[in-house]
Amino acid sequence: VQLQASGGGLVQPGESLRLSCAASGRIFRIDDMGWYRQAPGKQRESVATITSDGDTNYVDSVKGRFSISRDSAENTMYLQMNSLKSDDTAVYYCTADIKTSRIDLSRPYWGQGTQVTVSS
């Protein structure tokens with residue numbers, strides 16, 4: 001199983017980016033998915049999560065600006081980031097709890113990270 005994150009880049013404050021995370025490989029079922037980020041010198045933090053039922057949760061600092069979604073048919077998750085601020089600069093990682101067969105337990109997988117830089 002692999003998670004491939006993409007969509008990062010360099011933008012100015014106030015602009016938008018859309019991150020994507022595509023899961024591939026031997027997938028029986030994907031449960032919770034989420035985006036984390038890690039800024040230089042800081043601990044990794046949870047940014048947004050989404051359950052298989054579509055319930056979402058956000059860290060307070062991104063509420064009203066970021067939106068997480070998923071396309072279960074395509075095993076893909078998105079993070080729409082609007083009104084970006086310099087504090088949003090970080091490496092963004094995607095994660096998903098995945099069952100690889102009917103009898104296996106669901107376990108977390110991580111993508112490789114994509115850099116988001118917000119700077120004027």
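Asp88 is buried, at 1% relative accessibility. In this predicted model, the Asp88 side chain meets Arg37 in a salt bridge, with an N to O distance of 3.0 Å. Asp88 lies in the loop between strand 8 (76-81) and strand 9, whereas Arg37 lies in strand 4, so the pair ties together parts that are 51 residues apart in sequence. Arg37 is also buried, with a relative accessible area of 6%.

Arg65 provides another partner for Asp88. Their side chains meet in a salt bridge at 2.8 Å, N to O. Arg65 sits in the loop between strand 6 (56-58) and strand 7 (66-71), and Asp88 in the loop between strand 8 and strand 9, so this pair ties together parts that are 23 residues apart in sequence. Both Arg65 and Asp88 are buried. The two bridges belong to a wider arrangement. Arg37, Glu45, Arg65 and Asp88 are linked in a network of salt bridges.

The structure has five salt bridges by the rule applied here. One of them joins the side chains of Asp31 and Arg29, at 2.7 Å from N to O. Asp31 counts as buried, with 16% relative accessibility, because the limit for burial is under 20%. Arg29 counts as partly exposed, at 39%. Side chains of opposite charge can pair when their charged atoms come close.

Lys99 presents another case. This residue lies in strand 9 (residues 90-99). Lys99 is buried yet has no salt bridge. The nearest side chain of opposite charge is that of Asp31, 6.8 Å away. A salt bridge requires a nitrogen to oxygen distance within 4 Å. The Lys99 side chain instead reaches a backbone atom: the oxygen of Arg102, at 3.3 Å. Leaving aside residues up to four places away in sequence, Lys99 touches Ile27, Phe28 and Arg29. On the same basis, Lys99 also touches Asp104, Leu105 and Ser106. Arg29, listed among these contacts, is the salt-bridge partner of Asp31.

Aromatic pairing was examined next. The structure holds one aromatic pair. The rings of Tyr36 and Trp110 have centres 5.1 Å apart and planes at 65°, so the pair is edge-to-face. Tyr36 lies in strand 4 (residues 29-38) and Trp110 in strand 10 (residues 107-110), so the pair ties together parts that are 74 residues apart in sequence. Tyr36 is partly exposed, with a relative accessible area of 25%. Trp110 is partly exposed as well, at 40%. A pair of aromatic rings is described by the distance of the centres and the angle of the planes.

Arg44 adds charge-over-ring geometry. Arg44 lies over the face of Trp110, at 4.9 Å from the ring centre. Arg44 also lies over the face of Tyr93, where the distance to the ring centre is 3.9 Å. Trp110 thus appears both beneath Arg44 and in the pair with Tyr36.

Backbone geometry was considered for two loop residues. Most residues other than glycine have a negative phi, and most peptide bonds are trans. Asn75 has a positive phi of about 55° although it is not a glycine. Asn75 is found in the loop between strand 7 and strand 8. Its relative accessible area is 25%, which is partly exposed. Ser83 is not a glycine either, and has a positive phi of about 50°. Ser83 is found in the loop between strand 8 and strand 9. At 40% relative accessibility, Ser83 counts as partly exposed.

Lys85 lies in the loop between strand 8 and strand 9. Asp88 lies in that loop too. Lys85 counts as partly exposed, at 45% relative accessibility. Lys85 and Thr117 are 32 residues apart in sequence, and their C-alpha atoms are 9.2 Å apart in space. Not counting residues up to four places away in sequence, Lys85 touches Arg65 and Val118. Arg65 is therefore in contact with Lys85 and in a salt bridge with Asp88.

Notes: Residues are numbered from 1 along each chain as its sequence is written. This is a predicted model: local features need pLDDT of at least 70, side-chain atom pairs count only at pLDDT 80 or more; totals for chains, interfaces and linings use all residues. Side-chain values use heavy atoms; hydrogens and water are left out. Rings of Phe, Tyr and Trp (its six-membered ring) pair if their centres lie within 6.5 Å; planes under 30 degrees apart count as stacked, over 60 as edge-to-face and the rest as tilted. Helices (H or I, at least four residues) and strands (E, at least two) are DSSP runs, numbered from the N terminus. Buried means under 20% relative accessible area, exposed over 50%, partly exposed in between (1.4 Å probe, protein chains only). A charge sits over a ring if NZ of Lys or CZ of Arg is within 6 Å of the ring centre and within 35 degrees of the ring normal. Lys and Arg count as positive and Asp and Glu as negative; His and the chain ends are not counted. A polar contact is a pair of N or O atoms within 3.5 Å; within protein, one must be able to donate a hydrogen and the other to accept it, and residues adjacent in sequence count only if both atoms are side-chain atoms. Contact means heavy atoms within 4.5 Å.
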